[in-house]
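User: I would like to go through the reasoning behind some of the labels used for this model. Please set each value against its criterion before concluding.

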Amino acid sequence: MISKEFIQKISAIPGADQARMCYKCAECTAVCPVAKETNYEFKPHVVMGMINYGLKEQVLPYLWYCITCGQCTVLCPQGINIQEAVRGARTQTTETPYAHKGIFHSMHRIMARQTPDRTKWFQEAGVDLNKKGDKLFFVSCIPLYEMFFMDLNFDAKEMVKSSVKILDKLGINYQIFADELCCGHDVFWAGDYETFKQFAEKNAKVFKERGIKEIITFCPECYRTFLLDYPRVIKGFDIKVRHITDLIAEGMNSGKIEIARAAEVLTYQDPCRLGRHCGIYEAPRAILEKLGKFVEMKHTREKAGCCGISAWLSCEPETKVYREQRIKEAREAGAQTLVTSCPHCLIHFSCSICEDQKIPVQHNIKVKDIVTLVGRQMK
Amino acid sequence: MKGSVLVIGGGIAGMVASLDLADIGYKVYLVEKLPSIGGRMAQLDKTMPTLDCSMCIEAPRMVEVARHPNIEMLTYAEVKHVRGRLGDFKVEVLKKSRYVIKDKCTGCGDCAQKCPVDVPNEYDANTKSRKAIYVPFPQAVPNTHTVDLQHCIRCFKCVEACGDRMAIDFSMPDEVVELNVGAIIVATGFDMYDPSVLHNYGYGIADNILTGLEYERILNASGPTEGAILKQDGSHPHHIAFIQCVGSRDSKHKKYCSRFCCVYAVKEAILTKEHEPDMKCSLFYMDMRAHGKGQEEFYKRGKEEFGIEFIRSKPASIHQVGDKLCITYEDTDAGEVKTMDVDMVVLANAIVPSVPASLDIEVDSDGFVTEKFGDPSTTNVAGIYAAGVSQAPRDISDSVSMGSATAGKVSADLKDARGTEVTKKVVPPEKDVSGEHPRIGVFLCHCGINIGGVVDMHAIEEYSKTLPNVVFVQRNIYTCSTEGNRQIYEAIKQHNLNRVIVAACTPRTHEPLFRETCVQAGLNPYLFEFASLREMCSWVHMRQPGEATRKAKDIVRMSVARAAMLEQQKPGIIPVTPKVVVIGGGIAGMTTALGAARNGFQTYLIEREAELGGMMAKLRSMVPTNLDPKQIVKEKIEAVKQNPLIKAYTKTEIKNITGFIGNFKVELSNGETLDAGAIVVATGGKEWKPDLYEYGSNPNVMTQLEFEEALASGRIKQGERIVMIQCVGSRDEKRPYCSRVCCGVAVNNALDIKKRYPENPVYILYNDMRTHAKGTEELYLEAREKGVDFLRYELDKKPVVRGNKVTVFDSFLQTEFDILADKVVLSAAIVPNEDSDNLAKMLKVPLDANGFFLEAHLKLRPVDFATDGIFLAGVAQSPKEYYDSVSQADAIVARIARVLAKPELETEAITSMAAEDLCIGCARCVPCCPYTAITMETKNGRYVSVVNQALCKGCGTCVAECPTGAMMARHFTTQQIEAMIDTALEGWQ
């Protein structure tokens, strides 16, 4: 029986009601990596149909199949943001397949109520917290992740230090918040709209109080959330959002940043949030051209494969396939290092490689973060 | 007020408008930006769904335009500036220099042969090259060459080749022409959207991915491969895929539906199968929009007769893999992603309007002209009208109607200046050849490769020279070209020819053209004889060139035998009553009546019902939604009543119709008899009363029309669940046609419910969503946005209504749904009125297989009947929307004016006549005459048959029936036929 209750419930969530626009051309299925891996049990347009017709019981498991990579959205002639429609529908379920036993989401929820203090961490990292300016360097939750992924050589401190070095070189006046809150991305994509709203409201208030006019971040998830989701939730949110790769590329053009080229062969993993969601493809490539010998993988830009996980959800053997495919492509392209501009991609690919070293398959490839590399090679 | 008109755009819509206006009595300036008129239609291989050779049916019109004394063509020219107002526009036209002097260029092509530069030919959609000095195609009008200075390397070899003719002049400047006209018609057509911006389809990257227009040229005999379907490397493809909606119906590109691509793709696939029956054709579509007359049937033929594979899916990508193109798509039947390796892909890319900015008229956000005052061809500037695709995507048939519609409007606007700027057609004095010994000229046409590729034309040339009375023989690639006709003219003069034979395509399309050439050379047109070498020989014996050549010799020999016996014939002259009877007082009939009256013709409007208004008076809302049908009907009725030239009859039926063009007598049920020069059939149609889905027995099941009434009168309540079912009685065994309007109607009514009761659930169960008309695709999306649900069912798995439950199997979710419905609304078929049959008999005009009236030609004469002086518009011809109906109704106005604006008409010269002395008065000829032209009369005390020369069409049926040989057909005398038979038999001895 068709019911409109479901879609009516979620239509308050930004983007969620678009499912009704689907006219079933089926173009999405053919590009969906999940459809292929699930032997077409999962199909984006069918999910849209189920959401629209309120087939709640049937659609719930499929909502978590989707890795929200947005390859379908790039093609959709109706302009439906399929991942956002899925995200909206997720608010109607509690059976969230958390990865890492839900530790990150729990910590985020705690953070929504209790403001953290990262003063000590920044001191350890050697970052000056006394800077002033109307721009905010938004560090993101990587200090939190550092604790968990030390075994993957995930060095959040170096990422932050590199960023600070870059921003100083560019002569930007910025603040860093020791009491920075999560942007809310992960809880939002896990279907917890309420917590997301709390984050958005709190953050917007703090930004306003502290006179922030521009946010700079290296995290594509934070970047997307501030750029696209905040303006739809917070009335009058008009703070400019910049991804650090854009600033680096500009700095290279103006001569403020000079890079010593290394002999390393590099390839680039387009993070879904930065690439397909926000359309930044050029700046990271311009940087990689300078960092070493840049080669492209078979699937790039809007066709780039996803690492398989976002928002710490569904870390399962099924999604590992996407990482394996991507690493294979990188090696086939002749790359020695897979560079990404997303801390999450970095963690997920690092994990894949480490696991295999244990088993022991030699991937023969390194995974690095673009900001760290710039920090190391900047003259 | 000026008696002249500027028509911008020399495509089919502009040509039709020009010809109608020029015939009515206006001077026409036809501006075309390309070197030749003809437009997009000239680029097509065949038309859909009629499968006419596009160039063959268009070329005669092009030549007619060129020859019309009232039309001045300004080709290779652009409108730069327009000022002024209705009745008095000042227009600046830039005539770009061709660097070739028109009067000196013979179109011989010697220059192009010597030109060393190859440039992609725009006419061939860049699939083939031309030279830097060129005519775009052999049938180009005018056939003056043009130097493409951008690509010319200034080697001047062309000047050398032209020699003493001195036609090439590199110092020729551009010219600015100032025109002063009373009105302007914009018929600027369309461009193609660049499909390379859709990166996933690989156009411009991978080989063998073509646009629909490029493939059209591949199919064409004069295209890059001479009609052979070949890949870029010259090898034969085995599997071709057609992909629809490439850039159309796409929020990231063009939101609108390009409207004719679905059926042109079906046509291209059918033509492919005709070329190579073993080729596999797969067609990917989203909704198959085969909505026009005959199109649904055509689509079905494609599926069933030609075995084209139709796949409902939009492919995600096309990649080159080796020498194959790999298409990735979801097979929505199987529900899984598949890849298909094909050899060639044809993309139906969107069309985009090309209205020049120099015209300061309002266009919509897509760039199409914005229509005003509820009329598709009226713009925001009085005196400037839009025709064809300039206003919205439409096919040839609808563009032709709209071309004529603009002519009808302009003709009314400038009525007082009619005839003030025209040139009288100068017919040179006719030479009397009776008694002369026959001197026959034979002109042999290769028709590109159509004939020349099969028949050995050199052999025919030599053979013709040996035939009796033949004094001149000439061979051409295209005899129908301007150059070919010029050569006929010259030969008649130089060699004193008194009989002319053209051995070419078919008299059906080309006889009038060659006859006219004879007239210009001072010969009676009936001294011309057509030998059909293409349709009677080369096309049917394509694979037997030896036998075809032998048969071609026979055909030419027979024609020569007959030609020697041809006699001069004279048409009769009949008076014209400048009045018109319009049958049907609906929106189409009233529109025609008002237009005819504005043109100054007395009009009688006959309506069977008690009120004028027809079907539209019953509508509560319609597409386009900014128009109120009730208001429009009210205004039209008021205008009709107040117009002194219109006499409206209600509750009146037609009792009998006699007479012929210019002189009809229409008997009415009230006893009156009306005299009229023309008759218009605008009898509309009606909504079918279904015998499906419990209609009639279930009180909650109603038709769309009944639902509109219920909604408007408040009988639909808040909270009621509405289910609409599409294609009820259409697209089935009994009625195979698409009713064209229902998808738009359903969407519009659904939105109407949502406007009143946003919470009421509305479901539309459809098979293909055919929201094709301007603005309706946008309505469809709006309905989705407002929460209307669309469930697709398969035609062989129709929904079931049981009480308040509708069961439907959704073909995408592969799930059966039970929907509880308070109201079930059936989009019932549009059917012809039941007394169409009767009226058709009275008028002696045909009905089509579905019971609608049958036009003279679906593409080029959509509002004419084959019988002169009788016209048809609106739903009487086929189901159609308001805009298309009024467009046809206005088109008729121009078609009528062509007849009624003249005091007298010429009749057919080739008629039958009865030899009184041989007639035995048996009257067997009377019932066999399809035109009721024969009556029995007492003459000189004898009971004999008499043929009405104005009614007789010269079909010859009576001649065959006559037992005594009293009945004779002029121009087809027994002696002439016997001479042909005799010589045919000689050849086989």
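Analyst: What follows concerns a predicted model, taken up first at the interface and then at a sheet.

User: Why is the meeting of Glu330(B) and Lys43(A) called a salt bridge?

Analyst: The criterion asks for a side-chain nitrogen of Lys or Arg within 4 Å of a carboxyl oxygen of Asp or Glu. Between the side chains of Glu330(B) and Lys43(A) the N to O distance is 3.4 Å, so the pair satisfies that cut-off and is counted as a salt bridge. Across the interface of chain B and chain A, the rule finds three salt bridges.

User: How do you know how much area chain B and chain A bury between them, and what makes up that area?

Analyst: Buried area is the accessible area that two parts lose on being put together, summed over both, and for chain B and chain A this comes to about 2900 Å², with 57% of it on carbon and sulfur atoms. In chain B, the residues that lose the most area to chain A are Glu330(B), Arg784(B) and Leu813(B), which together account for 19% of what that side buries.

User: What makes β31 and β33 of chain B stand at the edges of their sheet?

Analyst: The open sheet has three strands in the order β31-β32-β33 (chain B), with antiparallel pairing. β31(B) and β33(B) each have a single partner strand, so one side of each is left without a neighbour in the sheet.

User: Why do β32(B) and β33(B) count as paired?

Analyst: Pairing requires at least two bridges; β32(B) and β33(B) have four bridges in the antiparallel sense, so the requirement is met. Lys665(B) stands opposite Asp675(B) in β33(B).

Notes. Residues are numbered from 1 along each chain as its sequence is written. Chains are lettered from A and ligands numbered from 1 in the order in which they are written. This is a predicted model: local features need pLDDT of at least 70, side-chain atom pairs count only at pLDDT 80 or more; totals for chains, interfaces and linings use all residues. Side-chain values use heavy atoms; hydrogens and water are left out. Buried area is the accessible area (1.4 Å probe) that two parts lose on being put together, summed over both. Helices (H or I, at least four residues) and strands (E, at least two) are DSSP runs, numbered from the N terminus.
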